[in-house]
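User: I have a structure open and I'd like to learn how to read its features. Could you walk me through it?

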Amino acid sequence: ADGSSMYIVNDGDTFTSDIYIWGGQAEVGSYPTSLIPTSGSTVTRNQETYTKTGISDKINSEEGVLYAEIAALSDDGTSRNISLNDGTYTNTVLLRYLDLSNQIQGVVRIGGSFNGICTYTLSDSTSVIKVAYKWKNSDFALWVNGGEVATSSDASAFSSETLNKLSFDRGDGAEDFYGKVKQLQIFKTALSDSELVTLTT
């Protein structure tokens, strides 16, 4: 099979009308999917989830950069989040697609209050982008595909060792990230503009 057609050769069999295929998979769409054994019944693929705890030594709560190469699965009016958090929605760094069409946002939520809000409208949220959100007291910025697209100079910061968890939700299990993730990185310092250009280009 070459992805678009299949060739079957019936060598060494006197019954030319018999064809045996094992492990074949036909695709309805233009992209490949994973095989789900069904044993004769309809089965839905389980949703993939990811949470990583015990990474406080990898996160600097006071400043840093959350970088991802991502795309939304659809522009369907739902919020989809990747976050660094303390296991709650109260203290979190969010990189998220908003429930508004084609909008991406970097924001921190400190003690339940939003700060460092950086929002940008994409031409198509389902296209893969390289995005970085930098947080640091009075120096917040969102970078997309090599350019700084939004900034905030809010005077706010987390206490040290507040953040200790990476989640594909907003920190409390809600607003899961439905999308494609090619790469995800956490930096313990707020990178320079030239470093952010290199990272997101």
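Analyst: Sure, and keep in mind that this is a predicted model. Let's start with burial: a residue counts as buried when its relative accessible area is under 20%. Tyr 133, with 0%, is therefore buried.

User: Which residue does the ring of Tyr 133 pair with, and is that partner buried or exposed?

Analyst: Its partner is Phe 140. Planes under 30 degrees apart count as stacked; the rings of Tyr 133 and Phe 140 have centres 6.5 Å apart and planes at 20°, so this pair is stacked. Phe 140 is buried too, with a relative accessible area of 2%.

User: How many aromatic pairs does the structure hold?

Analyst: Four. One of them joins Tyr 89 and Phe 114, edge-to-face, at 6.3 Å centre to centre with 70° between the planes. Tyr 89 sits in the loop between β3 (80-85) and β4 (92-97), while Phe 114 belongs to strand β6 (residues 113-121), so the pair ties together parts 25 residues apart in sequence. Tyr 89 is buried at 14% relative accessibility, whereas Phe 114 is partly exposed at 34%. Elsewhere, Tyr 97, Phe 168 and Phe 177 form one aromatic cluster.

User: Which charged end sits over the ring of Tyr 89?

Analyst: That of Arg 109, 4.0 Å from the centre of the ring. The charged end of Arg 109 also sits over the ring of Phe 114, 5.0 Å from its centre. While you're looking there, find Gly 112 in the loop between β5 and β6. Gly 112 is 23 residues from Tyr 89 in sequence, but their C-alpha atoms are 7.3 Å apart in space. Gly 112 is partly exposed, with a relative accessible area of 28%.

User: How should I read a nonpolar core, and which residues touch the most other members here?

Analyst: The general idea is that in soluble globular proteins, nonpolar side chains tend to be buried together. In this model the largest nonpolar core has 28 residues, and Ile 70, Val 93, Tyr 133, Trp 135 and Leu 142 touch the most other members. At least two residues of this core come from each of β2 (63-72), β3, β4, β5 (103-110), β7 (129-136) and β8 (140-144). Apart from this core lies another, of eight residues, including Val 65, Tyr 67, Ala 141 and Leu 191.

User: What does Val 93 touch?

Analyst: Leaving out residues up to four places away in sequence, the contacts of Val 93 include Leu 66, Ile 82, Val 107, Tyr 133, Trp 135 and Phe 158. So when you click on Val 93, look for Tyr 133 and Trp 135 again.

User: Now the charged residues. How many salt bridges are there?

Analyst: First the principle: side chains of opposite charge can pair when their charged atoms come close. Here the count is three. Asp 139 bridges to Lys 134, with the closest N and O atoms 3.1 Å apart. Asp 139 is partly exposed at 30%, but Lys 134 is buried at 5% relative accessibility.

User: Where does Arg 170 come in?

Analyst: Arg 170 meets Asp 172 in a salt bridge of 3.0 Å, N to O, and forms another with Glu 175, where the closest N and O atoms are 3.6 Å apart. Shared partners join Arg 170, Asp 172 and Glu 175 into one network. Arg 170 counts as buried at 18% relative accessibility, while Asp 172 is partly exposed at 39% and Glu 175 is partly exposed at 30%.

Note on methods. Residues are numbered from 1 along each chain as its sequence is written. This is a predicted model: local features need pLDDT of at least 70, side-chain atom pairs count only at pLDDT 80 or more; totals for chains, interfaces and linings use all residues. Side-chain values use heavy atoms; hydrogens and water are left out. Rings of Phe, Tyr and Trp (its six-membered ring) pair if their centres lie within 6.5 Å; planes under 30 degrees apart count as stacked, over 60 as edge-to-face and the rest as tilted. Helices (H or I, at least four residues) and strands (E, at least two) are DSSP runs, numbered from the N terminus. Buried means under 20% relative accessible area, exposed over 50%, partly exposed in between (1.4 Å probe, protein chains only). A charge sits over a ring if NZ of Lys or CZ of Arg is within 6 Å of the ring centre and within 35 degrees of the ring normal. A nonpolar core is a set of buried Ala, Val, Leu, Ile, Met, Phe, Trp, Tyr and Cys residues joined through side-chain atoms within 4.5 Å. Contact means heavy atoms within 4.5 Å. A salt bridge is a side-chain nitrogen of Lys or Arg within 4 Å of a carboxyl oxygen of Asp or Glu.
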